[in-house]
Amino acid sequence: MKRNTWQREAVREALASNEGFVSAQSLHTGLREHGSTIGLATVYRALADLAAEGEADSLQSPEGEAIYRACSTTGHHHHLICRRCGLTVEIGADDVEQWAQRVASEHGFTDARHVVDVFGLCAKCSQASTAR
Ligand SMILES: [Zn+2]
Ligand SMILES: [Zn+2]
Ligand SMILES: [Zn+2]
């Protein structure tokens with residue numbers, strides 16, 4: 001049975017209203033600012049549930065923190081993420097798929113999965129940093 005508590009709905013909505021990836025911590029802060037009494041542990045659990053059910057993407061930030069996003073694509077995809085403003089572009093990567101399959105089978109691996117996300121500066125942030 002699916003647990004469908006108000007906390008979970010609140011987390012889902014907060015996630016959907018965010019453009020880029022967010023940490024549980026900052027999602028929690030945002031919810032509290034809007035008057036929610038939700039606890040941080042509940043936010044962590046709800047995010048983990050949403051990710052497990054494929055309703056949210058989760059990945060590690062370059063700082064090693066788990067970050068989450070409600071993605072518009074449900075199939076396998078990759079991300080291009082701006083380190084500064086958090087802008088996220090969902091990308092397909094046929095080359096990566098082929099390469100991953102090839103190296104896995106070269107080493108006798110089956111059922112290979114991979115996580116490939118690219119962090120950088122978006123066009124706007126790149127301009128802003130050179131304009132200084
Ligand atoms: Zn995604
Ligand atoms: Zn940016
Ligand atoms: Zn892939």
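**Note on helix H3 and the two domains**

1. Glycine 54 comes after helix H3 and has a positive phi, near 80 degrees. The model is a predicted one, and the backbone angle should be read as such.

2. H3 itself covers residues 40-52. Its 13 residues, at 1.5 Å a residue, should span 18 Å, and the end C-alpha atoms are 18 Å apart, so the expected and modelled lengths agree.

3. Which residues of H3 are buried? They are Val43, Ala46 and Leu47. Viewed down the helix axis, the buried residues of H3 fall within an arc of 100 degrees, and therefore line one face of the helix.

4. The packing partners of that buried set are two helices and a strand: H1 (6-16), H2 (24-33) and S3 (66-69). On the face of H3 turned away from the buried side sit Ala41 and Ala52, both exposed. The exposed positions named here are thus alanines, while the buried ones are Val43, Ala46 and Leu47.

5. At the level of the chain, the protein is divided into domain 1, residues 1-71, and domain 2, residues 75-132. The centres of the two domains, taken over C-alpha atoms, are separated by 22 Å. Domain 1 gives 7 residues to the contact and domain 2 gives 9.

6. What is the make-up, by class, of the side of domain 1 that touches domain 2? That side has 4 nonpolar residues, 1 polar residue and 2 charged residues.

Methods: Residues numbered from 1 in each chain as written. Chains lettered and ligands numbered in written order. Predicted model: local features only at pLDDT ≥ 70, side-chain atom pairs only at ≥ 80, totals over all residues. Domains from an automatic or database assignment. Nonpolar A, V, L, I, M, F, W, Y, C, P; charged D, E, K, R; others polar. Helix = DSSP H or I, 4+ residues; strand = E, 2+ residues; numbered from the N terminus. Expected span 1.5 Å × (residues − 1). Buried ≥ 20, exposed ≤ 12 C-beta atoms within 10 Å, placed from the backbone. Arc of directions from axis to C-beta.
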